[in-house]
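Visitor: Please take a close look at one part of this protein, and at what surrounds it.

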Amino acid sequence: PSFSVNPEKQIYKCFGCGIGGSSIDFIMEIEKLDFVEAIRYLAEQYSIEIETSGPTNKERDIRSELYEINRHTSELYQKNLFDLKNQKNLEYLIQRGFSKEIIKMFGLGLSFTDWNIVWQSFQGKKYQTKSMKECGLFSDTKNGYIDRFRNRIMFTINDSTGKPIAFAGRAIDENENAKYINSPETQVYNKSKILYGLHKAKNNIATLDSAIVVEGYFDFLQLFQSGIKNVV
């Protein structure tokens, strides 16, 4: 009753907290975005093409393709984790205390043991060569392109609006030299500007006006699952 929306004037007012403004202001407040991010968010929701100075149309197309490539790959990893033949890997996460709900909520997955399953899944899809090279999912070798991540628990990294922008892979084999392998930086992924889990935690952080910062992905997931949700 204390929240009013005027569709004709495209404005809202919350008489409980005193905040009001336009539809863009509403998105900025709810999604915790700045003005330009809110415009982009709305444009993507309604398939509206917007013109901006700076990046060319081709560069914007590459950004869109990177999101699509990451989303497709994240779904592949998640499906692989829940495949019956990989039951032991799913059980490992459950034994660590994670529910299937939290695993699905944050898009945990499993990369493949073979060398080019993800690469093959893109054959026939019409993505630009630059997008495929820049996405960071493949390594160029003398024998051709191979998957960057293999036989690892996969964490999908999302931006503040929830779009998948990168991955981190945790080794399953204890003899693996690198415990974690991360995506390289791309047009959509700047490591120093991203906090894992922010897309799910931002409203709780805003409400409580405080944030708990932890080091690891598992640390984050354990706290979030336990009800401590102002964490990144």
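Guide: A residue is called buried when its relative accessible area is under 20%, exposed when that area is over 50%, and partly exposed in between, using a 1.4 Å probe and protein chains only. By that count, 35% of the 232 residues of the protein are buried. This is a predicted model, in which local features need pLDDT of at least 70 and side-chain atom pairs count only at pLDDT 80 or more, while totals for chains, interfaces and linings use all residues. Residues are numbered from 1 along each chain as its sequence is written, and side-chain values use heavy atoms, with hydrogens and water left out.

The protein has nine helices and nine strands. Helices (H or I, at least four residues) and strands (E, at least two) are DSSP runs, numbered from the N terminus. Along its principal axes, the C-alpha trace spans about 60 × 45 × 30 Å.

The part to look at is helix H9, residues 217–225, where Tyr217, Phe218, Phe220, Leu221 and Phe224 are buried. These buried residues fall within an arc of 160° when seen down the axis of H9, so they line one face of the helix; the arc is that of the directions from the helix axis to the C-beta atoms. As background, an α-helix has 3.6 residues a turn, so residues three or four places apart point the same way. Just after H9, Gly227 has a positive phi of about 100°.

What do the buried residues of H9 pack against? Their partners are helices H4 (87–95), H5 (100–105) and H8 (198–208), together with strands E7 (152–158), E8 (164–171) and E9 (180–182). Contact here means heavy atoms within 4.5 Å. H9 lies across E7, E8 and E9, and runs at about 70° to E7. For such angles, axes are lines fitted to C-alpha atoms, for helices over the stretch in contact, and angles run from 0 to 180 degrees between N-to-C directions.

The three strands under discussion belong to an open sheet of four strands, in the order E4-E7-E8-E9, with antiparallel pairing. Strand E4 (109–110) and E9 stand at the edges with a single partner strand each, so one side of each has no neighbour in the sheet. Two strands pair if DSSP finds at least two bridges between them. E8 and E9, which run antiparallel, are joined by three bridges. In one of these, Gly169 has Ile181 in E9 as its bridge partner.

Within E7, Ile157 gives a direct link to the helix. Ile157 counts as buried because its relative accessibility is 4%. Leaving aside neighbours within four places in sequence, the contacts of Ile157 include Tyr217, as well as Pro164, Phe167 and Tyr196. Ile157 is 9.5 Å from Asn70, C-alpha to C-alpha, although 87 residues separate the two in sequence.

The same helix also contributes to the largest nonpolar core, which has 39 residues; Phe155, Tyr196 and Leu221 touch the most other members. H3 (57–81), H4, H5, E7, E8 and H9 are the elements that give two or more residues to this core. H3 gives the most, with six residues. A nonpolar core is a set of buried Ala, Val, Leu, Ile, Met, Phe, Trp, Tyr and Cys residues joined through side-chain atoms within 4.5 Å. Not counting residues up to four places away in sequence, Leu221 of H9 touches Phe98, Ile102, Phe106, Leu108, Phe155 and Tyr196.

Charged pairs also involve the strand that H9 crosses. A salt bridge is a side-chain nitrogen of Lys or Arg within 4 Å of a carboxyl oxygen of Asp or Glu, and a search of the whole structure finds five. In one of them, the side chains of Arg152 and Glu176 meet at 3.6 Å, N to O. Since Arg152 lies in E7 and Glu176 in the loop between E8 and E9, the pair ties together parts that are 24 residues apart in sequence. Arg152 counts as buried at 3% relative accessibility, whereas Glu176 is partly exposed at 40%. Asp159 forms another salt bridge, with Lys163, the closest N and O atoms being 3.6 Å apart. Both Asp159 and Lys163 are buried, and they are linked with Glu44 in a network of salt bridges.
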